[in-house]
Amino acid sequence: MSHRLAGVDVGGTFTDLLFLDQATDDVRLAKVPTTLDNQAFGVLAALETAGVDPASLDLLVHGTTTTTNALLERKLAPTGLITTRGFRDVLELGRRTRPKPYGLTGWFEPLIARERRLEVGERMDAEGRVVVPLDEAAVATAARELLALGCESVAIHFLHAWRNPAHERRAREIVTALWPNDHVTTGHAILSEFREYERGTAAAVNACVQPILARYLSRLVDELRSRGYRHDVLVMRGNGGTVSAPVAASTAVHTVMSGPASGVMAAAHTAVRAGFENVITCDMGGTSCDVGLVRGGVPAVSSELEVEYAVPIHVPMVDVHTIGAGGGSIAFVDEAGLLRVGPQSAGAAPGPICFGRGGERVTVTDANLLLGRLDPDALLSVNDPVPIDAIAARFEAQIGAPLGLDAEEAAVAVLRIANDRMAGALRMVSLSRGHDPRDFALFAFGGAGPLHAAELARELGIPRVVVPARPGITNALGCMVADLRHDFVRTINTPLAALDARTVHETLAEQARQGREMLGRERVRLEAIHVVHGVDMQFQGQSHLLSIPLETATPSVDALQRLFERAYWQRFEVELPEIRAVLVNLHTAVLGRRPGIDLAALAGGSGDRDDADARAPADEMPPPPTTDPSPIRAGVGDCERHADHGVTRRRTVRFPSGRRATPIFPRTSLGPGSTLDGPAIIEQLDTTTVLPPGFHAETDGSGNLIIDVPTT
């Protein structure tokens with residue numbers, strides 16, 4: 001049985017680790033700077049910081065941004081494409097959209113350059129019948145030419161291979177015999193779905209990032225092996241599930257956006273156990289803010305992700321909306337004289353000014369520090385502390401002077417703009433999709449999420465905020481609680497009037513069989529296997545698809561019709577009985593349930609800062625002043641002993657309503673049933689939670705902080 005578990009999540013700024021020994025309830029955590037050149041070093045540093053010997057681990061689960069960063073930064077492996085004659089430009093033509101909706105300017109660089117996109121003779125029709133036989137000699141010639149051009153990876157993408165993949169399979173055999181590595185991708189194996197552009201793009205993405213991910217995972221596994229680790233490494237995927245490292249490397253496209261997915265999975269797992277089945281998740285880290293939606297305890301999953309213009313990835317992924325608003329987001333006044341925050345980020349290097357690593361431009365973290373919300377003595381990974389006065393001077397010069405504000409007002413304005421951007425993202429996943437935020441709780445995590453959550457909830461009318469026991473390492477928790485998962489999709493594209501129900505039953509059964517077989521090849525202990533089926537349907541002539549879950553793997557045609565009519569009415573409140581429905585895609589997700597963990601154990605554990613002030617005798621602390629007209633500085637002020645939660649410190653904090661002398665509580669002092677009334681600041685190793693005046697908070701049995709948001 002797996003007793004000693006570690007979840008490691010690599011973010012744009014920090015690498016987070018959560019370790020749990022289930023036999024002893026020993027919990028350890030670490031937060032170290034991400035090593036951008038080689039993320040493996042950050043993982044090893046996190047293990048070392050937490051005092052975890054890799055040889056003692058039974059399982060390590062890893063979330064990585066390797067593929068996401070490679071795509072966004074276009075640091076891709078040299079890749080070639082072999083495709084049907086006449087279709088080499090499909091990846092570039094796309095859907096005839098434009099990078100900019102207005103004007104005639106715009107620029108787009110396809111993932112694979114035109115000179116490395118080669119054509120061969122072959123053709124299937126839309127029914128999967130051979131029209132032109134595969135020119136095997138041309139395939140071999142194309143492979144040699146791509147090797148001569150320096151390609152490390154190749155994608156094989158033929159027209160209508162979703163219907164009949166015989167030509168793609170044979171071409172793979174030919175190319176594999178000549179290719180010096182196993183980086184050969186076939187489109188149908190990644191996405192067995194119609195629409196050649198989306199399928200081809202998914203194959204191209206996989207081919208472009210596969211060598212990068214394979215090298216990274218190989219280095220990581222080798223380093224762990226050299227330190228005594230003897231088990232599989234599981235890797236998070238964008239669908240919220242995990243797979244073993246070899247499987248992850250071969251299907252690298254599925255790891256894109258896996259970091260945000262792990263956070264949503266942890267949020268769903270934690271929120272359900274806290275009694276909240278409907279939550280909007282808000283993960284604010286150092287680089288970005290990721291928001292998602294959980295209904296009925298299940299995260300929304302979509303196949304419509306577009307990581308950037310003209311790069312759609314139509315594989316199942318947890319539906320997350322990302323904006324460039326994190327703690328490291330840079331604030332600036334643009335040429336029009338408007339204050340902006342992000343999407344540019346100071347990242348891990350040089351980072352915000354207060355990290356003392358050479359950062360020169362003010363960020364959201366610097367604003368929180370200047371306004372007293374953060375303790376300068378508790379910041380992680382500070383190389384050379386920067387005086388508060390120096391940070392204030394930067395705010396006044398960079399933001400205040402152009403806008404006619406002093407340093408404090410400039411910092412307040414930066415937070416207001418950052419909050420406005422995040423509120424817009426929250427509206428995007430709720431109001432814009434027909435969900436009332438008042439019906440949800442806000443689940444706030446990430447290193448910076450709890451700093452902003454209360455004010456965001458008030459902005460959107462969300463009645464409650466849930467802050468988990470370990471907000472800053474929630475993504476690492478997501479790695480630990482995520483199940484193994486394999487997704488399958490098959491296009492049918494047949495009107496219901498002409499559909500043979502046996503085709504549906506046989507396809508779903510085959511997908512489930514493949515999933516169970518793949519789970520059997522992964523050496524991970526499972527408690528159960530769960531199979532989920534679904535369909536994509538539309539009215540004939542429409543392009544928009546509705547995704548509908550199935551309660552059985554053997555639905556009748558009449559049942560499919562009723563399900564579609566009900567889903568269409570719920571979405572649009574329109575009935576169109578005169579138009580025929582079409583079954584487009586069949587989906588199956590096969591989940592291997594891993595043993596659960598005790599969330600209550602996370603409320604304790606090592607790693608929290610043991611504050612020296614908190615141990616001082618009460619009679620050495622003068623009572624706090626009732627007013628504090630002095631300028632805000634983030635240093636520690638007077639102290640008092642709180643009746644329920646032990647000794648606290650106070651410092652002056654700027655809230656929207658003005659400055660307040662605010663008590664500072666260590667999170668470890670808040671046991672189950674503890675209550676707080678704002679204003680208050682709650683500090684812990686991995687984050688700081690701000691409780692504004694008028695807000696009320698209570699700690700539940702699992703260590704979650706439940707914040708009630710005032711209605712006025």
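Start with the largest nonpolar core of this predicted model. This core holds 84 residues, and Leu60 and Ile313 have the most contacts inside it. Next, select helix H7, residues 196–226, which gives the most to this core, with 15 residues.

Now centre on Leu60. Leaving aside residues up to four places away in sequence, Leu60 touches Ala6, Val8, Leu47, Leu224, Tyr229, Asp232, Val233 and Leu234. Apart from the core around Leu60 lies another one, of 69 residues. To find this second core, select Phe355, Ala448, Ile682 and Val690, which are among its members.

Then turn to the charged side chains. The structure holds 31 salt bridges, and three of the pairs are visited below.

Select Arg114 and Asp89, whose side chains meet in a salt bridge at 2.9 Å, N to O. Arg114 sits in the loop between helix H3 (90–93) and strand S6 (117–120), while Asp89 sits in the loop between strand S5 (79–84) and H3. The two are 25 residues apart in the chain. Arg114 is partly exposed at 40% relative accessibility, and Asp89 is partly exposed at 23%.

Move on to Glu517 and Arg521, a salt bridge with its closest N and O atoms 3.2 Å apart. Here Glu517 is partly exposed, at 42% relative accessibility, whereas Arg521 counts as exposed, at 56%.

Next, select Glu683 and Arg649. Their closest N and O atoms are 2.5 Å apart in a salt bridge. Glu683 belongs to strand S33 (residues 680–683) and Arg649 to strand S30 (residues 646–655), 34 residues apart. Glu683 is buried, with a relative accessible area of 6%, and Arg649 is buried, also with 6%.

Finish by selecting Asp89, Glu92, Arg114 and Arg117, which salt bridges with shared partners join into one network.

Key:
Residues are numbered from 1 along each chain as its sequence is written. This is a predicted model: local features need pLDDT of at least 70, side-chain atom pairs count only at pLDDT 80 or more; totals for chains, interfaces and linings use all residues. Side-chain values use heavy atoms; hydrogens and water are left out. A nonpolar core is a set of buried Ala, Val, Leu, Ile, Met, Phe, Trp, Tyr and Cys residues joined through side-chain atoms within 4.5 Å. Buried means under 20% relative accessible area, exposed over 50%, partly exposed in between (1.4 Å probe, protein chains only). Helices (H or I, at least four residues) and strands (E, at least two) are DSSP runs, numbered from the N terminus. Contact means heavy atoms within 4.5 Å. A salt bridge is a side-chain nitrogen of Lys or Arg within 4 Å of a carboxyl oxygen of Asp or Glu.
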